[in-house]
Amino acid sequence: MTKDNNVSVVLALGGGAARGLAHIGILDVLKQNGIEVKGIAGTSIGAVVGGLYAAHKLQAFESYIRKLDAKGMLKLLDPVVPRAGLFAGNRIARKLEEFIPNTNIEDLDIPFCAISTDIANGDEVLHNSGPILLPIRASMAIPGVFAPVKVDGRWLVDGGVCWPVPIAAARELCPGLPVIAVNLFNTNLPFEGDLDPIDQASKTELGHLERLLLKMRQGNKEGRPGLFASLSDTITHMERRICRFQIAAENPELVLEPAVFGIGLFDFHQGEQIIAAGTRCAQAMVDSGGLDEFKKRYAVKKGWFS
């Protein structure tokens, strides 16, 4: 595809914990099909993937996540019960720092903002300047799961509390460009694949803490969901309703919804399959002709060819 056929867009990447690895597959297909990303607004895992993309570090992160196993995933969690959340989030922050040096957001090659929520009043907070790591960490601080993060004197939590898919933030970031929004909360689109490939051999290699976390993740014989599954599905159902009204009100030019319902908060060791779900979603839009229609519509009517 020639550069003359490319179209410039701004992305609104939604939250969804491990489900957000689907953003990686979507970004790859969009790039292959002439979509030039000129800005990214991200909530939670959307802020993680968006920040990595803006810093040109997403490929290295993808290589890491494709190799991550269950033991490695569990070792990223650092329980702090009974404090402000189940986990402090320090280990995940240190891992992210390996990929994103603490660069200032305004020094990135493309405009980027992360969205968090002020826990005191529920207001959305847009982070579009200053060091990148702390805002990303705040944006992914799921209430009750990760401890709140203090930024500029305010205690902040996950941006999904107010903006599960940051469409308005994307428009503000790059006025005039069409918005492609990625919603990870469509419960009518179940994940297709085998979740939880943790075999007995892997379990025997886990330490005491990892075994405890694994028990929190699993349900019982009667089918009662485990703690992580309960949190994951409850958050999904709550934010699905917010997303439905938000998307209708803010009317992004294109919405992509990968089939990721059923993936747990911490299923990052399923990276290969989750990324593939994002690839399938975006490729289906290409194969149906929807992406070409999107490009023609905004190129002709809005003059948005880059």
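This report describes the enclosed cavities, a buried helix and the cysteines of a predicted model. Residues are numbered from 1 along each chain as its sequence is written, and side-chain values use heavy atoms, with hydrogens and water left out. Local features need pLDDT of at least 70 and side-chain atom pairs pLDDT 80 or more, whereas totals for chains, interfaces and linings use all residues.

A cavity is a set of points on a 1 Å grid over the protein atoms alone where a 1.4 Å probe fits but cannot get out, and its lining residues have an atom within 4 Å of a point. The volume is the space filled by probe spheres set on the points, which are joined across faces, edges and corners. Two cavities of 30 Å³ or more result.

| Cavity | Volume | Lining |
|---|---|---|
| Largest | about 280 Å³ | 18 nonpolar, one polar, one charged |
| Second largest | about 50 Å³ | six nonpolar, one polar, one charged |

Here Ala, Val, Leu, Ile, Met, Phe, Trp, Tyr, Cys and Pro count as nonpolar, Asp, Glu, Lys and Arg as charged, and the others, Gly among them, as polar.

Of the 20 residues lining the largest cavity, Ile45, Leu76, Ile92, Met140 and Phe268 lie nearest its centre. Met140 also lines the second largest cavity, as do Arg137 and Phe146, among others.

Helices H2, H3 (58–67) and H5 (90–99) each supply at least two residues of the largest cavity's lining; helices are DSSP runs (H or I, at least four residues) numbered from the N terminus. Nine of the ten residues of H2 (45–54) are buried (under 20% relative accessible area, 1.4 Å probe, protein chains only), so H2 is largely enclosed by the rest of the structure. Ile45 is one of these buried residues.

Cys162 is buried at 18% relative accessibility, and Cys281 at 13%. The structure holds zero disulfides (pairs of cysteine sulfur atoms within 2.5 Å).

Definitions and conventions: Buried means under 20% relative accessible area, exposed over 50%, partly exposed in between (1.4 Å probe, protein chains only). On a 1 Å grid over the protein atoms alone, a cavity is a set of points where a 1.4 Å probe fits but cannot get out, and a pocket is an open set with protein on both sides within 12 Å along at least five of seven lines; lining residues have an atom within 4 Å of a point.
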